[in-house]
Amino acid sequence: MNILVTAGNTQTPVDRVRCITNIFSGRTGAQVASRAFERGHTVTLLTSHPEVLDAIATTRERGAPYWRVRAYRTFDDLDALMRAEITTGGYDAVIHAAAVSDYHVAGVFTHRDGQFEDATAGKVKSSHPELWLKLTPAPKLIDKVRADWGFAGKLVKFKLEVGVSPAELEVIAERSRVHSRADLMVANTLEGMYDWALIGAAPGGYQHVARAELAVRLLTALEVISPSTNRV
């Protein structure tokens, strides 16, 4: 297969030198991409942390045109890269593992005498006694894959939840998979993300897999449902 993998976090700028982001390094997505390449697939990896690849060994020499890495930094960078790749890349599968920002920064404000005042600047001053950020919901890139970018291949979605049981996670995961029209879901919890994950889809249900086996188990499941698979 020709596979596109996204990995890493996105930055949401507050000003030209500050940003909001999250804790994720893109290691899981990089492992999936690397294992997919080892299994004979053509892989393009979009990642905010290409340096993570240095710690992931492969058994085959990586090289174009069968292996490509493109770096991004911000939400808008990833949005543009995914749109360009998905609409022109001829992919059989998209594995969207990137931890994408849920909100955009719509303004920076100070608050005094009951009024908000715009404090937006190239570099917001550090002398303000307090700052208020206005955040607005960002579009879900996973939901653009089919609805906006017309992708008809196999789609894998990742989801992280906090403070839920495995049974609750499975219900949430399946609802989310259906909403995004994904073929497979990988779901885990913040508390258990280094130990286990759920992989699957109804009606066959979800499998509880060890974290160390995630990349191989996901790719095996994807190959089973992909008629275009041609292992070499």
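Helices here are DSSP runs of H or I with at least four residues, numbered from the N terminus. Keep in mind that this is a predicted model.

**Exercise 1: charges on helix α2**

Work out how aspartate 79 and arginine 83 are placed along helix α2, and how they pair.

*Solution.* Start with the sequence: both residues lie in helix α2, four residues apart, which is about one turn of the helix. Next, check the distance. The closest N and O atoms of aspartate 79 and arginine 83 are 3.8 Å apart, and the cut-off for a salt bridge is 4 Å, so the pair qualifies as one. Then look at exposure. Aspartate 79 is buried, at 10% relative accessibility, while arginine 83 is partly exposed at 39%. There's also a salt-bridge network to pick up, in which shared partners join Arg68, Arg70 and Glu85.

**Exercise 2: the geometry and packing of α2**

Test the length of helix α2 against the expected rise per residue, then find what its buried residues pack against.

*Solution.* Helix α2 covers residues 75-88, which is 14 residues. The expected span is 1.5 Å times one less than the number of residues, so α2 should span 20 Å, and its end C-alpha atoms are indeed 20 Å apart. Now list the buried residues: Phe75, Leu78, Asp79, Leu81, Met82, Glu85 and Ile86. These pack against strands β1, β4, β5, β6 and β7, as well as helix α3. Just past the helix, glycine 90 takes a positive phi of about 65°.

**Exercise 3: two more salt bridges**

Compare where the partners sit in the pairs glutamate 38 with arginine 35 and glutamate 223 with arginine 39.

*Solution.* Take the pair in α1 to begin with. Glutamate 38 and arginine 35 both lie in that helix, three residues apart, and their N to O distance is 3.7 Å. Glutamate 38 is partly exposed at 23% relative accessibility, and arginine 35 is partly exposed at 26%. Now for the other pair: glutamate 223 and arginine 39 meet at 2.8 Å, N to O. Glutamate 223 belongs to helix α5 and arginine 39 to the loop between α1 and β4, so this bridge ties together parts 184 residues apart in sequence. Glutamate 223 is buried, with 12% relative accessible area, and arginine 39 is buried at 15%. The structure holds 13 salt bridges.

**Exercise 4: the nonpolar cores**

Find the residues that touch the most other members of the largest nonpolar core, and trace the contacts of isoleucine 95.

*Solution.* The largest core has 28 residues, and Ile3, Ile95, Leu218 and Leu222 touch the most other members. Elements giving two or more residues to this core include β1, α1, β11 and α5. A second, separate core has 20 residues, among them Leu46, Phe75, Val100 and Ile142. Back to isoleucine 95: leaving out residues up to four places away in sequence, its contacts include Ile3, Val32, Val156, Phe158 and Leu222.

**Exercise 5: buried or exposed?**

Classify tryptophan 196, proline 203 and leucine 133 by relative accessibility.

*Solution.* Tryptophan 196, in strand β12, has 14% relative accessibility and counts as buried. Its contacts beyond four places in sequence include Pro166, Leu169, His208 and Arg211. Proline 203 sits in the loop between β12 and β13, and at 88% it counts as exposed. Leucine 133, in strand β9, is partly exposed at 38%. Together with Ile20, Tyr103 and Leu135, leucine 133 makes a nonpolar surface patch of about 340 Å².

Key. Residues are numbered from 1 along each chain as its sequence is written. This is a predicted model: local features need pLDDT of at least 70, side-chain atom pairs count only at pLDDT 80 or more; totals for chains, interfaces and linings use all residues. Side-chain values use heavy atoms; hydrogens and water are left out. Patches are made of residues with over 30% relative accessible area and no salt bridge: like charges are joined within 9 Å, nonpolar side chains (Val, Leu, Ile, Met, Phe, Trp, Tyr) within 5 Å. Accessible areas come from the Shrake-Rupley method with a 1.4 Å probe; for residues, only the protein chains shown count as cover. A salt bridge is a side-chain nitrogen of Lys or Arg within 4 Å of a carboxyl oxygen of Asp or Glu. Buried means under 20% relative accessible area, exposed over 50%, partly exposed in between (1.4 Å probe, protein chains only). Contact means heavy atoms within 4.5 Å. A nonpolar core is a set of buried Ala, Val, Leu, Ile, Met, Phe, Trp, Tyr and Cys residues joined through side-chain atoms within 4.5 Å.
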